[in-house]
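Me: I would like a close look at one part of this protein, with its surroundings explained as you go. Here is what I have on my screen.

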Amino acid sequence: MRGSCLCGGVVFEADPPLRDVIACHCSQCRKTSGHYWAATSVPHERFRLIRDTTLAWYDSSPSARRGFCRGCGASLFWQPAGEARISFAPGALDGPTELAMAEHIFTEDAGDYYAPEGPPPSKVQAPERVRASCLCGACAFTLPRPIGGVGACHCNQCRKLSGHYTASFDAPEDQVEWQSRTTIAEFVTPGGGQRGFCTSCGSSLYFRNASGDFSVEAGAVDGPTGTSLDSHIFVANKGDYYRITDGLPQLQGWD
């Protein structure tokens with residue numbers, strides 16, 4: 001099986017069988033992916049890097065490091081220290097995975113706007129302004145709490161970049177106040193949008209579409225968002241390894 005980041009700067013191959021997918025809701029995975037991350041895994045002897053031109057690694061803890069593309073910000077790999085196997089995002093694979101979702105872990109750290117399985121929980125109170133940041137802390141900003149819901153996108157681009165699928169909410173960019181943005185970069189997508197991410201840790205932060213509309217990755221918010229997931233778009237392009245079980249509206253494309 002072959003996989004890649006969105007810009008093509010990182011390409012890899014993995015020989016089956018692949019472990020079934022594990023979804024992780026820990027705060028680190030939510031920060032880096034912008035929602036929550038999912039991974040399959042293979043031993044090193046069945047994994048090959050074909051191109052690593054833009055591959056970067058971030059030591060997210062003493063026991064593991066995370067691999068991402070410094071060109072487009074795609075969240076790609078998780079390498080535990082001292083283990084002869086590597087985990088990688090099934091959303092990065094170029095074709096059908098023929099895998100299944102095996103389990104959800106660290107569910108107690110899930111964001112307030114969704115449930116790992118089933119309908120979203122009741123909304124919780126959030127401050128009038130919320131803080132968002134990357135995993136390493138080099139990028140941080142505040143903005144008004146969301147007034148609308150969180151939308152999930154399953155398009156090919158979002159799955160490549162996040163490693164699973166994205167979840168974001170609309171925000172007024174002129175009311176975003178940056179505390180730090182020393183490592184921010186923007187990748188221009190094929191459709192003319194711009195995705196902002198941290199070049200130090202790979203965290204996905206925001207998206208600005210070609211019309212200038214601005215949205216923030218829900219997983220980047222440090223505390224409660226005060227809102228909830230309300231819809232899914234581009235489900236025609238969703239991964240084959242997971243089901244949508246929350247009962248929310250599903251659109252095959254944009255609308």
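What is the relative accessibility of Phe-234, and how does this residue count in terms of burial? Please start there and work outwards.

Reply: Happy to take you through it. Please keep in mind that this is a predicted model.

Phe-234 has a relative accessibility of 22%, so it counts as partly exposed. The cut-off for buried is under 20%. The backbone here is also worth a look: Phe-234 has a positive phi of about 55° although it is not a glycine. As background, most residues other than glycine have a negative phi. Along the chain, Phe-234 is placed in the segment after E20.

That makes strand E20 (229–233) a good next stop, as it is among the elements that give two or more residues to the lining of the largest pocket. This pocket has a volume of about 690 Å³. Its lining is made of 28 residues, and the closest to the centre are Ser-168, Phe-207, Ser-215, Ile-233 and Trp-254. Besides E20, strand E13 (150–153), helix H2 (156–162), strand E14 (166–170) and strand E19 (214–217) each give two or more residues to this lining. By class, the lining has twelve nonpolar, eleven polar and five charged residues.

E20 also supplies at least two residues to the lining of the second largest pocket, as does strand E10 (101–105). The space in this second pocket is about 370 Å³. Of its 25 lining residues, His-104, Pro-116, Tyr-242, Arg-243 and Thr-245 lie nearest the centre. Sorted by class, the lining holds 14 nonpolar, six polar and five charged residues. The element that gives the most to this lining is E10, with four residues.

From E10 we can step into a sheet. An open sheet of seven strands, with mixed pairing, runs in the order E6-E7-E8-E9-E4-E3-E10. E10 and strand E6 (55–61) stand at the edges with a single partner strand each, so one side of each has no neighbour in the sheet. Direction ignored, neighbouring strands of this sheet are turned by 30° against each other on average.

The partner of E10 is E3: the two run parallel and are joined by four bridges. Here His-104, which we met near the centre of the second largest pocket, stands opposite Ala-23. E3 (residues 21–24) also pairs with strand E4 (residues 37–43), this time in the antiparallel sense and over three bridges. In that pairing, Ile-22 stands opposite Ala-39.

In a regular strand the side chains alternate between the two faces of the sheet. With that in mind, look at both faces of E3: Val-21 and Ala-23 on one side, and Ile-22 and Cys-24 on the other, are all buried. Further along the sheet, strand E8 (residues 75–80) and strand E9 (residues 85–88) run antiparallel and are joined by two bridges. Trp-78 has Ser-87 in E9 as its bridge partner.

Back at E10, the loop between this strand and strand E11 (129–133) holds Phe-106. This residue makes a helpful companion to Phe-234, as Phe-106 also has a positive phi of about 55° without being a glycine. Phe-106 is partly exposed, with a relative accessible area of 45%.

If backbone geometry interests you, there is one more place to visit. A cis peptide bond joins Pro-16 and Pro-17, with omega at about 5°. Most peptide bonds, by contrast, are trans. Pro-17 is placed in the loop between E2 and E3.

Following that loop back to E2 brings us to an open, antiparallel sheet of three strands, in the order E1-E2-E5. Strand E1 (2–4) and strand E5 (47–52) stand at its edges, and each has a single partner strand, so one side of each is left without a neighbour in the sheet. The twist from one strand to the next averages 20°. E1 and strand E2 (residues 10–14) pair over three bridges, and Gly-3 has Phe-12 in E2 as its bridge partner.

Finally, a word on the cysteines, which you may well wonder about at the bench. A search of the whole structure finds zero disulfides. The closest cysteine sulfur to that of Cys-5 is in Cys-7, at 3.7 Å, which is too far for a bond, because a disulfide needs sulfur atoms within 2.5 Å. Cys-69 is in no disulfide either, and the nearest cysteine sulfur, again that of Cys-7, is 3.5 Å away. Cys-5 is buried at 2% relative accessible area, and Cys-69 is buried at 0%.

How values were computed
Residues are numbered from 1 along each chain as its sequence is written. This is a predicted model: local features need pLDDT of at least 70, side-chain atom pairs count only at pLDDT 80 or more; totals for chains, interfaces and linings use all residues. Side-chain values use heavy atoms; hydrogens and water are left out. Buried means under 20% relative accessible area, exposed over 50%, partly exposed in between (1.4 Å probe, protein chains only). Two strands pair if DSSP finds at least two bridges between them. Axes are lines fitted to C-alpha atoms, for helices over the stretch in contact, and angles run from 0 to 180 degrees between N-to-C directions. On a 1 Å grid over the protein atoms alone, a cavity is a set of points where a 1.4 Å probe fits but cannot get out, and a pocket is an open set with protein on both sides within 12 Å along at least five of seven lines; lining residues have an atom within 4 Å of a point. Grid points are joined across faces, edges and corners, and a volume is the space filled by probe spheres set on the points. Ala, Val, Leu, Ile, Met, Phe, Trp, Tyr, Cys and Pro count as nonpolar, Asp, Glu, Lys and Arg as charged, and the others, Gly among them, as polar.
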